[in-house]
Amino acid sequence: MSQLHRFVVTDGGDLEQLINGLSQRANFVRDPDRRSERSVYDTFDWRLFEAGTFLELITALDGRGGRGEVALAWRSSLTGEVLGRLGVDEAPRFVWELPAGAVTDRLSDVIEMRALVPLVTLSTVRHPLRLVDDEGKTVVRVIVEDSALADGTPLAPVVEVHPVRGYEAAATAVVDLLAAQVLLGADADDVATMALRAVGLSPGSYNSKLRLRLDGEGTALDAYAEVLRTLLATMLVNERGVRDDLDSEFLHDFRVAVRRTRSVLGQARGVLPAAVLDCFRAEFAWLGTATSPTRDFDVYLLTLPEFEAGLPPARKGDLKPFGAFLDQHQRSAQRALVAELDSDRYRTFVDEWRAWLVEPASDAPDAASPAVEVASLRIWKAYRRLIRAGRRITDDSEPEALHDLRKDAKKLRYLLECFGSLFPADEIAPLVKQLKALQDVLGEFQDCEVQAGSLEGFGQQMLDEGGTPASSLIALGYLVEQLDERQGQARAAFADRFGRFDTKRLRRAARTLFGPMPVVADRDLTSSVQPLVVPPDPTRGHLPVKAALP
Amino acid sequence: MNVIATYSIKGGVGKTATAVNLAHLAASQGARVLVWDLDPQGAATFYFRVKPKVKGGGKALIKGKRELDDVVKGTDYENLDLVPADFSYRNMDLVLDASKKPTRRLAQLLRPMARDYDYVFLDCPPSISLASEAVFQAAHALLVPLIPTTLSLRTFDQLDSFLAEHPGRKKLRLIGFFAMVDRRKRLHRELIDEVGRARPEVLDIQVPASTDVERMGVHRAPLFTFAPRSRSAVAYRELWKATEARL
């Protein structure tokens with residue numbers, strides 16, 4: 001699909017004159033104007049925008065303000081192509097409220113479990129024009145859009161040239177024609193993005209991935225404080241959505257920020273003052289626990305469709321009572337969570353933590369050391385610990401050993417996420433890729449273990465609460481068996497996954513990136529590697545030059 | 001991506017009108033749709049006002065010198081694209097025969113389109129040939145218009161038994177429906193009643209013999225653009241609903 005071209009009508013441009021000028025040209029057909037009210041939707045983390053698309057609820061209006069057809073339209077902002085259009089009465093909050101079908105499936109791949117949030121409403125008059133060939137076939141569409149925000153603030157009119165596939169040359173000719181107009185500016189945003197910016201929103205401004213750029217020259221304290229400030233900001237920006245339970249992802253991102261903070265604090269001895277660590281590590285641990293029950297129920301509610309899909313057709317309805325059970329318990333866990341967030345303990349802790357981060361001070365021994373040196377050492381330690389523990393895992397190891405290994409892997413991953421920007425991105429990437437794959441297997445193993453246990457517990461609880469049909473308990477039993485099987489598969493996949501992480505190439509990469517000496521005498525990790533002298537990298541100031549000598 | 005072929009051993013039964021109208025309907029409901037006009041007569045191409053020409057002809061496509069993506073044309077309707085007919089398709093059997101794994105070739109050509117389209121409609125030439133075997137391999141559903149006559153039903157049964165021996169049969173759904181129905185004819189009414197009992201793969205949907213469908217050639221546009229409330233339009237809507245449900 002070829003790209004569309006967008007021009008913005010600059011101040012003083014006469015729209016009517018432009019449209020008339022075009023429609024008087026040979027082979028241009030002017031279609032009736034169309035009025036509509038449009039509301040732009042996206043998820044809190046801008047998933048539709050990040051995918052290069054926008055989603056609008058469009059209500060057709062007649063000239064007298066009467067409301068007509070309502071549709072949800074999903075478009076590519078690059079090509080203008082309609083990715084889907086669904087007749088609806090109102091915008092859904094979640095994708096699963098939409099009618100099943102190909103469009104819903106594709107939309108679901110992008111927004112998943114996130115709620116759709118209305119962002120801005122505007123009214124638009126579209127003036128559609130078409131260039132036709134000698135068969136009367138449309139070969140280019142030109143759409144002039146004149147829009148205003150709901151409060152009447154006008155937006156600059158936009159002219160879009162939509163190429164028709166297979167007739168690109170005609171579109172190029174129209175673009176050239178329009179480009180010669182002095183009152184048109186090229187490279188305009190789409191109207192939805194213009195409207196978002198006009199109300200002060202910046203599309204793409206939130207992303208659950210840590211996007212840090214740490215100062216390679218800074219001290220360890222600078223780097224730690226920067227990471228911790230970013231994590232606190234993530235927590236705070238999600239807090240409102242957590243309280244309102246807008247969707248389950250707010251709490252998820254909130255908890256990830258808490259876990260990352262705990263992990264960083266766990267690696268902060270010698271950088272942050274001991275008193276600060278003792279106090280805040282305890283508070284973050286408390287917050288982790290306080291947010292757990294709601295998340296647990298969220299996870300089961302999200303997994304419910306998958307559980308249902310795993311049941312034989314005749315049993316599918318049997319999980320309904322289980323769904324109701326989860327729903328009810330999620331709600332009471334959510335109430336308890338909101339109460340904790342309203343508590344003095346939470347307020348005081350967040351205020352004090354924020355205050356400390358504004359002007360962090362530390363007399364700990366490593367606080368003033370170069371960030372890159374401290375981070376290397378911590379990552380190196382975590383890496384070696386993971387390698388050593390992983391090699392000890394055999395087919396006979398207890399599940400707890402794999403669980404501990406998962407924690408080790410997580411620690412390393414968080415360190416890489418938080419401090420990764422201090423190292424060359426392309427050298428870290430292969431390591432992170434294999435680490436991720438390893439974590440997936442370990443995660444699957446552990447999730448199956450925990451879920452099987454929980455399902456049994458839930459079954460018992462449903463029995464105790466009474467009124468549960470036997471068929472529901474049978475369905476749960478069936479699921480537990482399936483989880484058991486999946487866990488077996490994850491276990492079988494472990495050795496291979498770990499092998500791909502623990503390769504000579506990646507070990508060498510890890511040592512070059514984080515190791516204490518650039519001389520690879522990999523005795524304690526591998527026995528067969530020949531010592532290899534790696535020349536010192538001038539871009540990596542933390543390596544003492546003399547260490548390059550054998 | 002679901003591939004739906006409109007197919008009939010016999011010509012002139014409303015096969016092309018079915019492909020064009022259902023494709024237009026699916027696209028207007030928000031799905032992304034491609035019509036591939038495989039019939040060298042190019043009726044579907046004519047309805048969409050596109051010139052019946054494929055760069056390099058059908059041969060370049062089959063021989064792999066050109067990707068399907070390169071020859072797609074946008075129609076006048078949102079989300080609805082067309083691979084136009086080409087007169088060289090009349091030699092398709094010869095070209096297919098000379099290629100490797102001839103019956104898989106269409107499916108191979110379509111595979112890269114899965115990212116771009118939800119539905120592909122293949123408008124097939126009337127015959128049983130190497131080309132139609134390639135269509136059977138590529139399609140998930142074979143939509144067959146039936147004129148309510150004894151002969152037409154016999155042919156449908158023949159097709160059914162032909163497909164039964166066919167390797168791609170498992171994933172291919174055979175869906176019949178009635179076309180060119182004249183309720184004034186007693187024979188039509190009787191046959192429709194009888195079939196409803198005996199053949200579950202034939203839908204109880206009747207597209208009437210009407211001038212509306214013929215007028216598509218005058219308007220050079222799908223039925224819904226000029227006669228959206230006609231009896232034929234209603235029947236096509238029902239047909240699409242029933243087809244979607246069987247996919």
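## Chain B in outline, with a look at Gly477(A)

The 38 positive and 28 negative charges of chain B have mean positions 2 Å apart. The model is predicted.

Chain B folds into 12 helices and eight strands. Its radius of gyration is 17 Å, close to the 18 Å that the globule rule gives for 247 residues, so chain B is as compact as a globular protein of that length. The C-alpha trace spans about 55 × 40 × 30 Å along the principal axes of chain B.

How much of chain B is buried? Of its 247 residues, 59% count as buried. The surface that chain B exposes amounts to about 10900 Å². Carbon and sulfur atoms supply 50% of that area.

Contacts in chain B were also sorted by sequence separation. Among those with a separation of 6 or more, 79% come from residues 24 or more positions apart.

The table collects percentages for chain B.

| Property of chain B | Value |
|---|---|
| Residues that count as buried | 59% of 247 residues |
| Contacts from residues 24 or more positions apart | 79% of contacts with a separation of 6 or more |
| Exposed area supplied by carbon and sulfur atoms | 50% of about 10900 Å² |

One residue of chain A rounds off the report. Where does Gly477(A) lie? Gly477(A) belongs to helix α14, residues 470-501 of chain A. Its relative accessible area is 32%, so Gly477(A) is partly exposed, between the 20% and 50% cut-offs. Leu455(A) is 22 residues from Gly477(A) in sequence. In space, the two are 8.1 Å apart, C-alpha to C-alpha.

Methods:
Residues are numbered from 1 along each chain as its sequence is written. Chains are lettered from A and ligands numbered from 1 in the order in which they are written. This is a predicted model: local features need pLDDT of at least 70, side-chain atom pairs count only at pLDDT 80 or more; totals for chains, interfaces and linings use all residues. Side-chain values use heavy atoms; hydrogens and water are left out. Helices (H or I, at least four residues) and strands (E, at least two) are DSSP runs, numbered from the N terminus. The radius of gyration is taken over C-alpha atoms; the globule rule is 2.2 Å times the number of residues to the power 0.38. Buried means under 20% relative accessible area, exposed over 50%, partly exposed in between (1.4 Å probe, protein chains only). Contact means heavy atoms within 4.5 Å. Accessible areas come from the Shrake-Rupley method with a 1.4 Å probe; for residues, only the protein chains shown count as cover. Lys and Arg count as positive and Asp and Glu as negative; His and the chain ends are not counted. The place of a charge is taken as NZ of Lys, CZ of Arg, CG of Asp or CD of Glu.
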